[in-house]
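Trainee: I would like to go through this model and ask how each label was earned.
Mentor: Go ahead, one label at a time.

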Amino acid sequence: MSSHPPAVVSSHNEWDPLEEAVVGRLDGATIPSGHPVVACNLPPWAARLQGIAAGHPYPPVLIERAQEELDGFIGLLRSLGVTVRRPDAVDHRRRFATPDWSSRGFCNACPRDGLLVIGDEIIETPMAWPCRYFETHSYRALLKEYFRQGARWTAAPKPQLTDALFEPDFRVPEEGEPPRRILTEFEPVFDAACFVRAGRDLFVTPSNVTNHMGIAWLRRHLGPGYRVHEIESRCRAPMHIDTTFLPLAPGKVLVNPEYIDVDRLPDVVKRWDVLVAPEPDPLDERLLKVASMCGKWLSLNVLVIDGKRVIAERHHTGMLRALERWGFEPIPGDLLHYAPFGGSFHCATLDVRRRGTLESYFD
């Protein structure tokens, strides 16, 4: 019998029993800058509004409802036996600078974006939005604590984020046009939320925040013990994979039929049950539609508690019923008004420890 204490950081996939997670904060949330890499993910009219309001605090009418739901979500996680950790509160309106540019911040609502947990290692990711350049600093107290308790702590190369990283005169392709992405291959950049984990296999969508050089950096960093599979998104403004493709349990993966061509999935996935998500239930709140940067498919942004129980948005009844048909136990939750800050249940969390071991599910 081993005398070693269990690892404080240990998470290999999206479904092992969840024991500890970091949940984001809304304190100090600031409307992100009008930089082209931010605006390219919004409809033109929304990008114009966002550019006007950039650098100002989010309106209280958005913060208050989202905070109420976030508090309820944290209570739900704790009731399920999950230890919840939080980043430090930060005033994201404070301006910062590099030798090449200056910006205000955004928020730390989505720890899933800037931190990637692979086994006992936490990787700080090189995000492409200038307003998120120092976002992981609000997690530093936690990172130091985890490091002192035995976790590995890595930071990917800090990007320069100069104009050379972004395609000049980029525009989102029209319907029927070939896909384009705003990033060049000037330097490695990636958001952690562009990756999902299934043991020794990771899946990634190249996007407007993750380029092929970033994928290559992670592939080389992880080494031959892991395989990184690329999945092309048909979304005209692709962002994170967790509204596109999300493993829920060994042998089961949830996919977005609008963004994914099921016939072109990697061969390894075709041995699994491909669960095609139902059309999301419509939103009837105009303010939420205006403020959200995430699109309608946040219905896929679920959080698996233990391979059987899955937290999903109460509003999306079609998804709740589908999860039941597929053999899961859906737990209705409320995080609909978190969307203006970057996501839902999966985005709002970083699973630091899941009870399980590193496995290969596709051999």
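Trainee: Which residue is the bridge partner of V22 in β17?
Mentor: L350 is the bridge partner of V22 in β17. Keep in mind that this is a predicted model.

Trainee: What makes β1 and β17 a pair of strands?
Mentor: Pairing needs at least two bridges. Five bridges join β1 to β17, so the pair qualifies under that cut-off. The two strands run antiparallel.

Trainee: Why is strand β17 called mostly covered?
Mentor: β17 spans residues 349-354, and six of its six residues are buried. Buried here means under 20% relative accessible area.

Trainee: What makes β8, β9 and β10 an open sheet with edges?
Mentor: The three strands have the order β8-β9-β10, with mixed pairing. β8 and β10 each pair on one side only, and they are the edge strands. From one strand to the next, the twist averages 25°.

Trainee: How do you know that β9 and β10 pair?
Mentor: They share four bridges, and at least two are required, so they count as paired. Their sense is parallel. Within this pairing, F203 has H229 in β10 as its bridge partner.

Trainee: Which helix lies across this sheet?
Mentor: α6 lies across β8, β9 and β10, and runs at about 160° to β10.

Trainee: Which residues touch the most other members of the largest nonpolar core?
Mentor: That core has 63 residues, and F73, L77, F195, L218 and F341 touch the most other members. Elements giving two or more residues to this core include β1, α3, β9 and α6. The largest share, seven residues, comes from α3.

Trainee: What is F195 in contact with, apart from its neighbours within four places in sequence?
Mentor: F190, L202, F203, V204, I215, L218, V228 and I241. Contact means heavy atoms within 4.5 Å. There is also a second, separate core of 35 residues, which includes L248, W272, V304 and F362.

Trainee: What makes the phi of L161 worth a remark?
Mentor: L161 has a positive phi of about 55° although it is not a glycine. Most residues other than glycine have a negative phi. L161 is in the loop between β7 and β8.

Trainee: Is L161 called buried or exposed, and why?
Mentor: Its relative accessible area is 3%, so L161 is buried, the cut-off being under 20%.

Trainee: What is the phi of D169, and is D169 buried or exposed?
Mentor: D169 also has a positive phi of about 55° and is not a glycine. D169, too, is in the loop between β7 and β8. At 76% relative accessibility, D169 counts as exposed, because exposed means over 50%.

Trainee: Why is A7, in the segment before β1, called partly exposed?
Mentor: A7 has a relative accessible area of 38%. Buried is under 20% and exposed is over 50%, so a value in between is called partly exposed.

Trainee: How many disulfides does a search of the whole structure find?
Mentor: Zero. A disulfide needs two cysteine sulfur atoms within 2.5 Å.

Trainee: Why do C40 and C110 form no such bond?
Mentor: The sulfur of C40 is 10 Å from the closest cysteine sulfur, in C235, which is too far for a bond. For C110, the closest cysteine sulfur is in C347 at 5.0 Å, also too far for a bond. C40 counts as buried at 7% relative accessibility, and C110 is buried at 2%.

Methods: Residues numbered from 1 in each chain as written. Predicted model: local features only at pLDDT ≥ 70, side-chain atom pairs only at ≥ 80, totals over all residues. Heavy atoms only, no water. Core = buried A, V, L, I, M, F, W, Y, C linked by side-chain atoms within 4.5 Å. Buried < 20%, exposed > 50% of the residue type's maximum accessible area, 1.4 Å probe, protein only. Axes fitted to C-alpha atoms, helices over the stretch in contact; angles between N-to-C directions.
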